[in-house]
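User: I have a model open and want to go through its strands and helices. Can you start with the terms?

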Amino acid sequence: MTLRLLLVSLSLMILSAHSQCVVRVGSVEPLTGPFATLASQEVSGFRLWEQAVNDAGGLELESLRCRLEVIVYDSQNDPALTRSLYRQLVEDDGCTFLLGCYSSSHGQIASDVAEELNVPIVLAGSAADSIYQVSNDWTVGVLSPATEYYVSLLNHIRLYGVSRVAWISESPTFTTDVCGAITALAPALGMDIVYSAVLPSANLTSELLDSYLTDLIATSPDVYLSCAYLDVTTTLTMLAREHRFSPSVTGITVAIGNPTFEQQLGDGVNFILGPVQWDPSIRTTGADVFNGSAADFAAAYELAYNATPSYQAAGGAAAGVFLQTAIELVGSLDQNLVMSVLKGLRFSSFFGEIGVDVTGANRAKTMVALQYNRTSQLEAVAPSSVATSLAVIPAPTWDERVDDDGWYDTAGEIVITTIASILIVLTFATTLFVAVNHKNPVISAASPPFLILILLSSCFLYSTTIVWQLYATDASCAILPWLFGIGWTLFFGCMVLRTW
C-alpha cells in the first residue's frame, strides 16, 4: 500500500512538473504606426510557430517537454518604449529568450537590450548590415543582410543588356543599406547609376514622391529600383502607372509578394520584379515543425488565417524554428549553451538555409528574385537553381499591358460593351419571337430556320466586341476567332443558301 502511494505521488509530481514547465519567449513589435501591417504579419508567424510547437507536445528538453508561450507587446513605433518593453519581458515577465521585431531600426534597439542583459535574441525582421557590423554575443538573425537583397536580381538582369540604373530609397538604415549596395554592385556588372536619391525621413506626401519620381524619369533609365517599405512602394508604383513610366526593369523591396500590396495595386503589379527572403512557391527541404516545406507552412498559415503568408510572416516563424532547433539540440534552457549552438548552427528549414556567421548574420541563404507575370502571379526567375520561369525583360509598356486597366473600365469600352449587350438581348428576343410565331404567314414565308440561324449568328458576331476587350489571356485570344468564324459562316452561309 505504501509503495503504491509512493508511485502515485511520484507520478503526480512528474505530471505536475510537466504541466508547470513553460518556456516564455518575448518580442516587442511596432503594431501601431507605419510598420503595423508588416509587423502584424510577423507576429502571425510567431503565433503559428507557437501553435505548431504546442500541438506537437511542446519544446522537447532532455527530460521533459515544456509548453511554449510567446509574449508580444506593441511598441507603438516608439524607440524608447521598445527598449523599456524588451527589458520588461526579461526582468518582469520571465522570458528566457527573445525574438526580434520588424524593421531594422527597432531591431537594433532589441539587439542592444539583449546584449546588455545577456539574453539570446533571434531577429526575425531586421536585415540592416549595421546590426551585424560588430561581433554580437547574443544576437543572431534569420534574414539575409540588406546589402545582399539585389545581388541575384542585378546579376540576372545584366544578361538582358540593360545598363542605366536609377534608384530611390527611404531614409531608414535598412533601405539605405539596400540601395547603397546597388551603387557599389551595378558598376561592377557594367551598369551605370544615372540617378539616386534618399527620401526625407518625414512628410512623404504623394506630391513629394511624385517630384522625386519625375526627376528620376527625366534621366531615362532602363532599370528603376526602389528601396522602400510597403506604403511608399505602393505610392511610387501608382505614380509610375500615372506617368506611364515603364522601364525595361522595375524592382521593389519589401512589398513584393505582399498581399496588401497586391490588393491595392491589382494587376498594376504585373511585370514588377523584386528580391524576396521567401515565397510559398520556392521548393525547400528540411526538418522542422513545418516539415521543412514552404508549401506546408503556407498551407498551415492559410488554414489558420485564411490568407496567403508574406515573407514577413514566414520570417517570424523561421526565427522561432531557429531558436527551437538550438534549444532542443542543447536539451535545456541554458542561455549560454543555446547561444553557442545558435552561432554554430546551420540547417535547412521551410524558410530555406539558416546559418549565421560570427556577427550573427544569416549569410547562408540566397535571395530569390520574383516577377509578377501577366496574370499577377509570382514566378521565381533567379537564381537559376530555383527559377520556375524566364523573366519578361523588357517589360511591356503600360499601354501594351492589355490587362492593366481591368475589364470595361474606360468610357469607350463601357459604351461599346453596353451597345453589344443590348443588341444580343434584342436578337435573342427576336429569335424567340420567330420561334414562337413560325406559323405566321409572313414569318413562315421567310423560312424561320434560316431566320433563326441568321439571328443566332448575329449574337456570335456581337459577342466578339465583348471578348475583344477582355484580358489578353490564352482563352480569350483563342475564343475570339472561333466566335467570329462561326458567326460569319452562319450569317453569310444562310444568306447565300436562302438567295439561291
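Analyst: Two strands pair if DSSP finds at least two bridges between them. Helices (H or I, at least four residues) and strands (E, at least two) are DSSP runs, numbered from the N terminus. This is a predicted model, in which local features need pLDDT of at least 70 and side-chain atom pairs count only at pLDDT 80 or more, while totals for chains, interfaces and linings use all residues. Residues are numbered from 1 along each chain as its sequence is written, and side-chain values use heavy atoms, with hydrogens and water left out.

User: How many bridges join β14 to β15?

Analyst: Four, between β14 (residues 368–372) and β15 (residues 378–382), and the two strands run antiparallel. Ala369 stands opposite Ala382 in β15.

User: What is in the turn there?

Analyst: β14 and β15 form a hairpin with five residues between them. Ser376, in that turn, has a positive phi of about 70°.

User: Now the sheet with β1 in it. What is the strand order?

Analyst: The order is β2-β3-β1-β4-β5-β6, an open sheet of six strands with mixed pairing. Its edge strands, each paired on one side only, are β2 (59–60) and β6 (139–141).

User: Which way does β2 run against β3, parallel or antiparallel?

Analyst: Antiparallel, with two bridges joining β2 to β3 (residues 65–74). Leu59 has Cys66 as its bridge partner, and Glu60 has Arg65. Four residues make the hairpin connection from β2 to β3.

User: And β1 with β3, in which sense do they pair?

Analyst: In the parallel sense, over eight bridges. In β3, Asp74 is the bridge partner of Glu29.

User: Which strands does α2 lie across?

Analyst: Helix α2 (residues 36–55) lies across β1 (22–29), β2, β3 and β4 (97–99). It runs at about 165° to β3; axes are lines fitted to C-alpha atoms, for helices over the stretch in contact, and angles run from 0 to 180 degrees between N-to-C directions. Helix α4 (residues 104–117) also packs on the sheet, touching β4, β5 (121–123) and β6, and its direction makes about 165° with that of β5. Contact means heavy atoms within 4.5 Å.

User: At what angle do α3 and α4 pack?

Analyst: About 35°, with the axis of α3 (residues 79–91) 9 Å apart from that of α4. The crossing is right-handed, meaning that the near helix is turned clockwise from the far one by less than a right angle; anticlockwise would be left-handed. Among the contact residues are Arg83 and Arg87 of α3 and Asp112 and Glu116 of α4. The contact divides into seven nonpolar, two polar and five charged residues. Here Ala, Val, Leu, Ile, Met, Phe, Trp, Tyr, Cys and Pro count as nonpolar, Asp, Glu, Lys and Arg as charged, and the others, Gly among them, as polar.

User: How do α13 and α15 cross?

Analyst: The axes of α13 (residues 411–436) and α15 (residues 448–467) come within 9 Å and cross at roughly 165°. That makes α13 roughly antiparallel to α15, since angles over 145 degrees count as roughly antiparallel, under 35 as roughly parallel, 65 to 115 as roughly perpendicular and the rest as oblique. This crossing is left-handed. Its contact residues are 15 nonpolar, eight polar and no charged.

User: Where does pLDDT stay under 50?

Analyst: Over residues 1–19, for which the model has four contacts beyond four places in sequence. pLDDT is the predictor's confidence in each residue, from 0 to 100. The protein averages 90, and 92% of the residues score at least 70. Where pLDDT is low, the predicted coordinates should not be read in detail.
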